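Visitor: Could you take me through a close look at one part of this model, its pockets, and then connect that part to the side-chain contacts around the rest of the chain? I would like a careful account in one piece.

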Amino acid sequence: FLARQWQLPRSLTDAIRCHHAVKQSAADYRLLLLVHAADLVSVRVRNEQEGAEALKGLHPEALKAVRSQLDNFHDWSQDLREEIDTGCRFFLEELDS
């Protein structure tokens with residue numbers, strides 16, 4: 001809803017809409033994989049899951065794309081937690097207005 005309201009590009013709205021069910025037919029498959037991985041990692045970070053548990057459910061092609069960044073997950077996970085909290089506050093404020 002917000003992606004369309006903000007007039008985001010079709011490829012991004014498509015990726016947001018389909019990120020729980022990865023399909024190669026997406027307008028931009030690579031972007032879909034990235035949004036899928038970002039969503040899964042952000043949920044795992046918020047739930048303080050790490051290691052193999054944090055990657056459970058990640059599409060195999062998304063895992064290949066982000067594996068190198070996940071190798072040093074511990075180094076950037078705290079910063080990510082803070083960014084997620086900031087983003088959540090922003091979206092909640094946007095929905096309230």
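Guide: For sorting the residues of a lining, Ala, Val, Leu, Ile, Met, Phe, Trp, Tyr, Cys and Pro count as nonpolar, Asp, Glu, Lys and Arg as charged, and the others, Gly among them, as polar. By that division the lining of the second largest pocket holds nine nonpolar residues, two polar ones and no charged ones. The model is a predicted one, and every value that follows is to be read with that in mind.

The second largest pocket encloses about 180 Å³ of space, and its lining is made up of Leu-34, Ala-37, Ala-38, Val-41, Ser-42, Val-66, Gln-69, Leu-70, Trp-76, Leu-80 and Ile-84. At least two residues of this lining come from each of H3, helix H5 (60–70) and H6, and H3 gives the most, with five residues.

The largest pocket has a volume of about 750 Å³. Its lining counts 22 residues, of which Ile-16, His-19, Val-35, Asp-39 and Phe-91 are the closest to its centre. Here the lining divides into twelve nonpolar, four polar and six charged residues, whereas the second largest pocket has no charged residue in its lining. Helix H1 (2–5), helix H2 (10–18), helix H3 (29–46) and helix H6 (73–96) each supply at least two residues of the lining of the largest pocket, and the largest share, six residues, comes from H3. H3 is thus the main contributor to the lining of the largest pocket and also gives the most to that of the second largest.

Turning from the pockets to the side-chain contacts, the structure holds one aromatic pair. The rings of Trp-6 and Phe-90 have their centres 6.1 Å apart and their planes at 50°, an angle at which the pair counts as tilted. Because Trp-6 lies in the loop between H1 and H2 while Phe-90 lies in helix H6, the pair ties together parts that are 84 residues apart in sequence. Trp-6 counts as partly exposed, since its relative accessibility is 32%, and Phe-90, at 43%, is likewise partly exposed; the class covers values between the limits of 20% and 50%.

The count of salt bridges comes to one. In it the side chains of Asp-14 and Arg-17 meet at 2.4 Å, taken from N to O. Both residues belong to helix H2, where they are three residues apart, about one turn of the helix. The two partners differ in their accessibility: Asp-14 is buried, with a relative accessible area of 7%, whereas Arg-17 counts as exposed at 60%. In general, side chains of opposite charge can pair when their charged atoms come close.

As for cysteines, the structure holds zero disulfides. Cys-18 is buried, because its relative accessible area of 12% falls under 20%, while Cys-88, at 29%, is partly exposed.

One residue outside these contacts completes the picture. Ala-26 is found in the loop between H2 and H3, and with 14% relative accessibility Ala-26 counts as buried. The C-alpha atoms of Ala-26 and Asp-79 are separated by 30 Å, and the two residues are 53 residues apart along the chain.

How values were computed. Residues are numbered from 1 along each chain as its sequence is written. This is a predicted model: local features need pLDDT of at least 70, side-chain atom pairs count only at pLDDT 80 or more; totals for chains, interfaces and linings use all residues. Side-chain values use heavy atoms; hydrogens and water are left out. A disulfide is a pair of cysteine sulfur atoms within 2.5 Å. Buried means under 20% relative accessible area, exposed over 50%, partly exposed in between (1.4 Å probe, protein chains only). On a 1 Å grid over the protein atoms alone, a cavity is a set of points where a 1.4 Å probe fits but cannot get out, and a pocket is an open set with protein on both sides within 12 Å along at least five of seven lines; lining residues have an atom within 4 Å of a point. Grid points are joined across faces, edges and corners, and a volume is the space filled by probe spheres set on the points. Helices (H or I, at least four residues) and strands (E, at least two) are DSSP runs, numbered from the N terminus. Rings of Phe, Tyr and Trp (its six-membered ring) pair if their centres lie within 6.5 Å; planes under 30 degrees apart count as stacked, over 60 as edge-to-face and the rest as tilted. A salt bridge is a side-chain nitrogen of Lys or Arg within 4 Å of a carboxyl oxygen of Asp or Glu.
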